[in-house]
Each structure stands twice: as structure tokens, then as C-alpha cells.
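Here is a quick tour of a few local features. Take a look at the sequence and the structure first, then read on.

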Amino acid sequence: MDVSVVIVDWHQPELTRRALRSVLSQRVDASVEVVLVVNEADDATVAAYRADHPDVVVVPEPTNAGFAGGVSRGIAASTGDVVVLVNNDAVADHGFLDRGLVALAAGGPTVGAVSATVVLEGRFRPVADGAPASQDDLVARDGRRWRRAQTGETLVNGTGVVLDRSGNGRDRDWLRPVDDAPEHAPLFGFSGGAAFLRRTALEAVGGFDESLFMYYEDLDVAWRMRLAGFDVRHAPEAVVVHRHAASSGSDGPLVRTQSMRNRLLVVARNGSGGLLARVVVRTVLRLVRDLLRPSAAQLRPAAWLRLVREAPAALRRARRLRRTDRIDDTARRRVERLLDATG
């Protein structure tokens, strides 16, 4: 299978060059094309990338098209049967391409995507109970906080995406020590940070929705793949090491706003009526709680005001796309059997 690796850069040349080197050093029995999309590109930056990496297809994007738009530009400029997504703040381990391609090929044409294993860069130690919290702490599902340290555990960033009954997507195995037993939540989708996508499956579902900009855009594609009859699997041995939150903050206002908005829109397009109703109710309750308790609010009033103003048009668009997809509610509920009931 011919392979196209797509990397999206946004003002992170050092990280992006590191990611490029890790991909270009891969040895695999396939034709490998590397496509770099430069968001908010200027002539000097594009010229420098082309001079340093003449074998890389550099795609200048004059605007900041986000991750979804950047990936779409890269896919359009690529030619491979398989599209491999690698975050620009990640480094592909030796054998990454070969192992991911083997897993995709082994599944046959009904496997639309394979999610890689993403490991966090550096070492971490659990924060002692009662110790002051830091904004840089990473918080596990069980509430345990982890902090960077010179010595400690190597932690998993994710082994794909899990979707719960509230429409929340999350990284499976988030902050699991690499030597611990893996999580058993059913895999729903792939993470756009490191994934192998079959082009025929991408084309069958219409590719990435650029209006999502960033966050939940990978879950949206995986959901549509499942609705179209494709499977999504995990390649445990295909590994990248991720510098978490290097390209964007891990829990800033943009992350929270985009996640709230896109969760609603992705469920409106892909979910059953019951799931959509749950997500709408939870979103409204979250809005009320944030307005009543501003000190503990997830979103500030200005962000909620923007979401409320944008919601009608965005939801109308999601409904139009939903009708275009021509999937009945029975099929949607069938796919939702993969939801994580513990979420």
C-alpha cells in the first residue's frame, strides 16, 4: 500500500521539524509520501521547509484552518492509498509506519482506520494527597493527579477514542502507566494525533468536517466510518511519543469552548435521537450551572453567549448533513452499542 503521512504545522517549526525527521527516518516496504500543511503560512517559512526537506510536499495555507482544515488540505494534496496522521508535536517510534500498516492490512478492506498507541513524553509521578494542585498537573479518570518529574512512570496518552453515553469523547487508557493492564472500554474511534486511515473509507464518508476546526473532528470521521459499516481498530505496537499540549493548551478556554460546541454538533449529525436529547439536556444544565456558579464555571458567559448565538445555524447545518448521510435511527443505535456505559 502506498502511504501518505500528513502533518499540520501552526507556528511550531522546531516541533514540526522533529516530527518530520521521525517520519522520514522510517523504513517500510511501501512508497511513503510526506505532506506538510503550514497553517497561516508566510513565504519565508514555506521556503525554509522546502529547502530543509525537498522531498516533502509542502502545502501553504494562508489562513489558520485548524486541525480539521489542515488535515483536509493535506489529504487533498496526497496520493497514498493510506493516509497516516501524525501530530506535529509527536515523534514516531522506530517501526511506527510498518506496524500500523500491518495492522490495517490484516483487518482487510472493512477496517477503515487503525489508531496508534500514543505515549506521553517524559516521566511522571503521582501527586501526593493534599499537595497543592498545579495548573500543569494531568488528571486521570480516577481523580489522581500526575506531575512531570526527572524520574517516574511513563504514561499512556491514548490508544484510541472512547465515546460515552453523554456524547463525550476521551482518550482510552489516558494516564495509564505503560506496564499496567490496558483499559477494557470498547474502542469507538481513532485519535487524529496518530492514526492510519484507508483512503477508500475516508472518501466513502466525505472526509473531515472543516467547520469543526479542532477537537472532535477525528471522532466525527470515525463515527461516520462506523455508520458506513467500517471498523476501527488499535495497533498496540505502532507508537508515537507525544509532547502533551505543546501545540495547544490542554484545558484553556479554546479547548473547553471547542469541545462543548463540537460535542453537540457531532452528536447532532451522527447520534440517535435519544443520544442527542441527552447531550442537549446536559449542555443546557451545564449552561445553567455555569451561570449560577461562575467561580466553578466550565465556560465564561462570553463563551456561552457566542455558542448560543452560533448554535441554531450550526445545528441546522448538522441536520442537513445528517439527511445527506441517509442513515436511519436503527443503524445509529446499533453503532451506539459501542458506547462506554461507565462514562
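Which residue in β10 is the bridge partner of Val 119? That partner is Val 156. This is a predicted model, where local features need pLDDT of at least 70, side-chain atom pairs count only at pLDDT 80 or more, and totals for chains, interfaces and linings use all residues. Residues are numbered from 1 along each chain as its sequence is written, and side-chain values use heavy atoms, leaving out hydrogens and water.

Back to the strands (DSSP runs of E, at least two residues, numbered from the N terminus, while helices are runs of H or I with at least four residues). Strands β6 (residues 111-120) and β10 (residues 155-158) run antiparallel and are joined by two bridges; pairing takes at least two DSSP bridges between two strands. β10 also pairs with β13, again antiparallel and over two bridges, and there Val 156 stands opposite Arg 176.

Now for two loop residues. Most residues other than glycine have a negative phi, but these two have a positive one:

| Residue | Phi | Loop |
|---|---|---|
| Glu 40 | near 50° | between β2 (32-39) and α2 (43-52) |
| Asp 173 | near 70° | between β12 (169-171) and β13 (176-177) |

Asp 173 is buried because its relative accessible area is 3% (buried is under 20%, exposed over 50%, partly exposed in between, with a 1.4 Å probe and protein chains only). Glu 40, at 33%, counts as partly exposed.

Finally, helix α8 (residues 273-292) holds Val 288, which is partly exposed at 40% relative accessibility.
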